[in-house]
Amino acid sequence: MKAVQFSEHGGREVLEYGEFDDPEIDSDEVLIDVKAAALNHLDIFSRFGLGALHRLDLEMPHIPGSDGAGVVEEVGEDVERFEPGDHVALSAGLACGHCEFCRDGDQTLCTDFKIIGEHVRGIQSEYSAMPAENLVPVPEHVDWETAAAAPLVFQTAWRMLVTRADLGPGESILVLGASGGVGHAAVQIADYIGAEVYATASSAEKLDYATELGADHVINYDENDFAEEIDAMTDGRGVDVVVDHIGKATWQDSLHSLRKGGRVVTCGATTGRDPETDINSIFWNQLEIYGSTMGTPGEVDDVLELVWEGAFEPQIRETFPMSEIADAHEMIEEREGFGKVVVIPDSEM
């Protein structure tokens with residue numbers, strides 16, 4: 001088969017789309033005929049060898065990709081949930097299943113938590129062998145781009161807003177980077193909950209998209225200091241919740257955008273992991289800081305059911321053949337467009 005792969009860490013030049021050994025399934029795995037895959041910032045980080053906490057130690061060559069969907073080709077002898085012909089999508093969180101957190105039902109806290117495509121080989125290939133427990137059924141009416149693009153960002157945003165920050169109807173929320181994957185999912189989920197949604201982006205076009213998805217107020221962060229704008233828009237009160245997946249470049253302003261007793265929830269740090277932190281603001285204003293990673297199987301089921309029903313819609317900024325994977329990475333790195341970038345096996349184009 002052919003697969004997106006790299007044999008060393010580095011810039012976009014290390015990416016190639018070439019021959020790779022056909023996958024063989026274990027007894028608990030499913031062989032997928034991949035129809036579409038989607039990119040996340042994880043793909044950029046893994047290409048550079050950057051894990052959430054440590055440098056990645058990957059088996060090379062590495063196949064990236066934490067989002068994808070396709071048709072079940074074959075199932076292992078222990079698999080009962082799926083059969084050949086089923087449509088499935090990948091949910092990329094890997095948990096051990098037996099630590100105290102897994103046994104308590106929160107696999108995202110697993111002491112050996114990993115992400116398919118980041119820590120182990122991913123799904124950007126013509127065929128992929130994946131654990132059955134990491135697959136979710138996809139109704140046949142759902143197109144492949146939607147099925148591939150939805151799981152990671154919508155489960156991440158759902159856990160951030162619903163489980164961790166406990167966002168309620170009538171509360172106010174600021175979503176940073178509303179044009180990105182997690183950002184555009186968070187805007188839709190916050191609007192669905194009934195919150196008043198503030199959103200930032202870097203262009204009028206992106207802000208228009210955010211408004212269409214449910215943002216009530218928008219801020220161009222390239223032209224305005226968003227903390228000052230929030231202060232003015234809320235008459236000095238601040239918002240109840242801030243969604244910050246940007247990190248170093250926005251952290252201080254995120255804290256300063258919160259009301260007293262407000263909460264910030266973060267799932268990433270695309271601009272750097274080591275921001276200055278105004279500790280005085282945290283204790284004086286009694287702020288709460290929540291970290292969040294991926295979602296539990298139950299959270300994944302809950303939010304993807306709403307995607308399949310059409311309540312939420314992953315926006316697709318561009319679709320590329322897998323052979324043009326370097327161009328797909330460039331689009332994410334240069335922050336071009338709104339929503340998710342999808343890649344499709346050349347044989348499916």
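Glu 59 is exposed, with a relative accessible area of 55%. Its salt-bridge partner is Arg 121, with N and O 3.5 Å apart. The two sit in distant parts of the chain: Glu 59 in the loop between helix H1 (41-48) and S4, and Arg 121 in the loop between strand S7 (114-115) and strand S8 (127-131), 62 residues apart. Arg 121 itself is partly exposed, at 28% relative accessible area. Keep in mind that all of this comes from a predicted model.

**Salt bridges**

The salt-bridge count comes to 14. Here are three of the pairs, with their N to O distances and sequence separations.

| Pair | N to O distance | Separation in sequence |
|---|---|---|
| Glu 59 and Arg 121 | 3.5 Å | 62 residues |
| Arg 159 and Glu 299 | 3.1 Å | 140 residues |
| Arg 263 and Glu 171 | 2.7 Å | 92 residues |

Arg 159 belongs to helix H4 (residues 151-164) and Glu 299 to helix H10 (residues 297-309), so to speak of distant parts of the chain is fair here too. Both Arg 159 and Glu 299 are buried.

Now for Arg 263 and Glu 171, whose closest N and O atoms are 2.7 Å apart. Arg 263 is part of strand S14 (residues 258-266), while Glu 171 is in the loop between H4 and S10, so this bridge ties together parts 92 residues apart in sequence. Arg 263 counts as buried at 8% relative accessibility, and Glu 171 is buried as well, at 18%.

There's also a salt-bridge network, made up of Arg 12, Arg 47, Glu 330 and Glu 333.

**Surface patches**

On the charged side of things, Asp 26, Asp 28, Glu 77, Asp 78, Glu 80 and Glu 133 form a negative surface patch. Of these, Glu 80 is in the loop between strand S4 (67-75) and strand S5 (87-90), and it is exposed, with 78% relative accessible area.

A nonpolar surface patch brings together Ile 279, Phe 283 and Trp 284, with about 400 Å² of accessible area together. Phe 283 is in helix H9 (residues 279-284) and counts as exposed at 51% relative accessibility.

**Helix H7 and a buried glycine**

Which residues of helix H7 (residues 226-233) are buried? They include Phe 226, Ala 227 and Ile 230. These residues cover an arc of only 105° around the axis, so they are on the same side of H7. The face turned away from that buried side carries exposed Glu 228 and Ala 232.

Finally, Gly 177 is in the loop between strand S10 (172-175) and helix H5 (181-193). Gly 177 is buried, with 14% relative accessible area.

Technical notes: Residues are numbered from 1 along each chain as its sequence is written. This is a predicted model: local features need pLDDT of at least 70, side-chain atom pairs count only at pLDDT 80 or more; totals for chains, interfaces and linings use all residues. Side-chain values use heavy atoms; hydrogens and water are left out. Patches are made of residues with over 30% relative accessible area and no salt bridge: like charges are joined within 9 Å, nonpolar side chains (Val, Leu, Ile, Met, Phe, Trp, Tyr) within 5 Å. Accessible areas come from the Shrake-Rupley method with a 1.4 Å probe; for residues, only the protein chains shown count as cover. A salt bridge is a side-chain nitrogen of Lys or Arg within 4 Å of a carboxyl oxygen of Asp or Glu. Lys and Arg count as positive and Asp and Glu as negative; His and the chain ends are not counted. The place of a charge is taken as NZ of Lys, CZ of Arg, CG of Asp or CD of Glu. Helices (H or I, at least four residues) and strands (E, at least two) are DSSP runs, numbered from the N terminus. Buried means under 20% relative accessible area, exposed over 50%, partly exposed in between (1.4 Å probe, protein chains only). The arc is that of the directions from the helix axis to the C-beta atoms.
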